[in-house]
Structure formats: structure tokens, C-alpha cells
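Got the model open in your viewer? Let's walk through it one selection at a time.

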Amino acid sequence: MTHHLHTGGCQCGAVRFRIEGKPGQSSICHCRMCQKAFGAYYAPLISTRGAQFGWTRGEPTYFQSSNHVRRGFCGNCGTPLSYEASDGIAVSAGALDEPSALPPSIQYGIEAKVPFVDHLGALPAHHTMDDIAEAPFLAEIVSNQHPDHDTETWKPVPAIGAATKEDDA
Ligand SMILES: [Zn+2]
Ligand SMILES: [Zn+2]
């Protein structure tokens with residue numbers, strides 16, 4: 001039970017990471033920069049401080065969001081992957097293969113919190129398959145998302161509009 005190994009990566013599978021050892025704090029950040037960087041109401045982040053962290057497939061593309069912080073994302077599919085500062089690297093909790101394994105214990109940036117976030121849990125709730133009769137396409141979905149575990153080999157589906165090696169040949 002004391003052995004910690006957490007893996008994760010982007011949606012297309014071009015970038016994968018691994019955290020060995022006990023990760024640092026699991027948090028959500030409501031700050032406006034995290035909202036933008038994640039395209040979401042808040043950012044869930046796992047600090048890798050105190051653990052061994054490494055990119056195991058590919059590497060992120062970076063945006064320097066301030067003089068102190070750069071944010072890593074998949075250059076192919078756009079999944080937000082990391083928040084990197086001089087005091088360490090935090091990874092996107094939703095990019096973990098098992099996001100429920102590291103529940104958040106603290107919130108940051110609450111001065112920018114979107115007020116309705118506190119009420120999301122009270123919204124009407126639907127299971128995807130509740131709509132199966134109205135949405136037959138659900139039955140024939142072919143996913144291009146990387147599975148929630150490491151893979152020996154994997155060929156990500158290229159981004160639409162992206163130049164590929166084959167195109168250059
Ligand atoms: Zn990707
Ligand atoms: Zn933030």
C-alpha cells in the first residue's frame with residue numbers, strides 16, 4: 001500500500017508521464033490563468049514535489065504564461081499537462097490514468113472563483129447511456145483516446161490540419 005506509482009498522459013497518447021513515490025499536494029486552482037490554461041472553471045493539479053517525475057513518451061509543448069511559470073500541453077491534441085515553476089512541477093489531475101486516486105485537499109486562487117462552481121454538484125444529472133435511444137451514434141463511437149494505462153507502442157491520430165511526415169515525403 002505504500003508503493004505509489006501514478007501514470008497519465010494526454011488524450012491522443014503522444015505525451016505520457018509517470019510519478020513514482022508519494023506525490024505532493026493535490027489541489028484545485030481557481031485563478032484566472034488556470035481557468036484559461038485549462039479552458040475550465042478551475043484547474044486540478046497534483047504536485048510532484050517529493051516524488052520522482054518524468055515524461056515517459058514524448059514531451060510537452062510549452063507556453064510561458066508568466067515570468068515565473070510555464071505550462072505544458074500536448075502539441076498534437078492540446079491536453080493541458082503541467083504547471084512548471086522554479087519550485088517544482090505539477091501535473092493535471094484529470095490527465096492521470098486514475099484521477100480519483102489523488103483527491104484534492106485544498107483550493108487556491110479563490111478570489112477568482114466562478115461563483116456557481118459551489119453548486120455544480122446539485123445540477124440535474126444524466127448518465128451518457130440515458131440518451132442512447134436519441135443518439136444512436138453513441139453505439140458506434142470509435143475512440144482515438146489513449147487508454148488509461150501505459151502502452152508499449154501507440155500511434156496518435158494526428159491533429160486535424162497538422163502537417164505529417166507522410167505529407168512531406
Ligand atoms: Zn496528445
Ligand atoms: Zn492558478
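Select P156 to begin. Is P156 buried, exposed or partly exposed? It has 19 C-beta neighbours inside 10 Å, and because buried status takes 20 or more, P156 counts as partly exposed. Keep in mind as you click around that this is a predicted model.

Where does P156 sit along the chain? Look in the loop between strand 10 (106-108) and helix 2 (165-168). Now show what P156 touches: leaving out residues up to four places away in sequence, the list is C12, G13, A14 and N76. Add C77 to the selection and draw a distance between the two C-alpha atoms. P156 and C77 are 79 residues apart along the chain, and their C-alpha atoms are separated by 9.1 Å.

**Zoom out**

Next, colour the protein chain by secondary structure. You should find two helices and ten strands. Reading from the N terminus, the elements go β-β-β-α-β-β-β-β-β-β-β-α. The C-alpha trace spans about 45 × 40 × 40 Å along its principal axes. Of the 169 residues in the protein chain, 27% count as buried. If you like contact maps, take the contacts between residues at least 6 apart in sequence: 63% of them join residues at least 24 apart.

Now select residues 6-111. UniProt, in an unreviewed entry, places the feature "domain: CENP-V/GFA" here. That span is 7% helix and 43% strand, and its end C-alpha atoms lie 31 Å apart.

**Strand 9 and its partners**

Narrow the selection to strand 9, residues 88-92. Why call strand 9 largely enclosed by the rest of the structure? Because four of its five residues are buried.

Bring in strand 8 (residues 80-85). Strand 8 and strand 9 run antiparallel and are joined by four bridges. They form a hairpin, with two residues between them. For a pair to label, try E84, which stands opposite I89 in strand 9.

Then add strand 4 (residues 43-47). Strand 4 also pairs with strand 9 in the antiparallel sense, over three bridges. Which residue of strand 9 is the bridge partner of I46? Label V91 and you have it.

While you have the strands on screen, a reminder about what to expect from side chains: in a regular strand they alternate between the two faces of the sheet.

**Into the core**

Leave V91 selected, as it comes up again. The largest nonpolar core has 27 residues, and those with the most contacts inside it are C10, A43, L45, C74, L81 and V91. Several elements supply at least two residues each to this core: strand 2 (16-20), strand 3 (26-29), helix 1 (32-38), strand 4, strand 8 and strand 9.

Pick L81 from that group and show its surroundings. Setting aside neighbours within four places in sequence, L81 is in contact with C10, V15, P60, G72, F73, C74, V91, S92 and A95.

Follow that list to A95, in the loop between strand 9 and strand 10. With 23 other C-beta atoms within 10 Å, A95 is buried. Beyond its neighbours within four places in sequence, A95 is in contact with G8, G9, C10, T79 and L81. For another distance, draw a line from A95 to Q35: these two are 60 residues apart along the chain, with 16 Å between their C-alpha atoms.

**A three-stranded sheet**

Now hide everything but strands 1, 2 and 5. Here is an open sheet of three strands, in the order 1-2-5, with antiparallel pairing. Strand 1 (5-9) and strand 5 (52-57) are the edge strands, each pairing on one side only. From one strand to the next, the twist averages 20°.

How many bridges hold strand 1 and strand 2 in their antiparallel pairing? Count five. To check the register, label T7, whose bridge partner in strand 2 is R18.

**Last stop: another hairpin**

Finish with strand 6 (residues 61-64) and strand 7 (residues 70-73). The two pair in the antiparallel sense over four bridges. They make a hairpin with five residues between them. Label Q64 and look across to strand 7, where R70 stands opposite.

How values were computed: Residues numbered from 1 in each chain as written. Chains lettered and ligands numbered in written order. Predicted model: local features only at pLDDT ≥ 70, side-chain atom pairs only at ≥ 80, totals over all residues. UniProt positions renumbered as here; feature names shortened; annotations may be inferred. Buried ≥ 20, exposed ≤ 12 C-beta atoms within 10 Å, placed from the backbone. Pairing = 2+ DSSP bridges. Core = buried A, V, L, I, M, F, W, Y, C linked by C-beta atoms within 7 Å. Contact = placed C-beta atoms within 7 Å. Axes fitted to C-alpha atoms, helices over the stretch in contact; angles between N-to-C directions.
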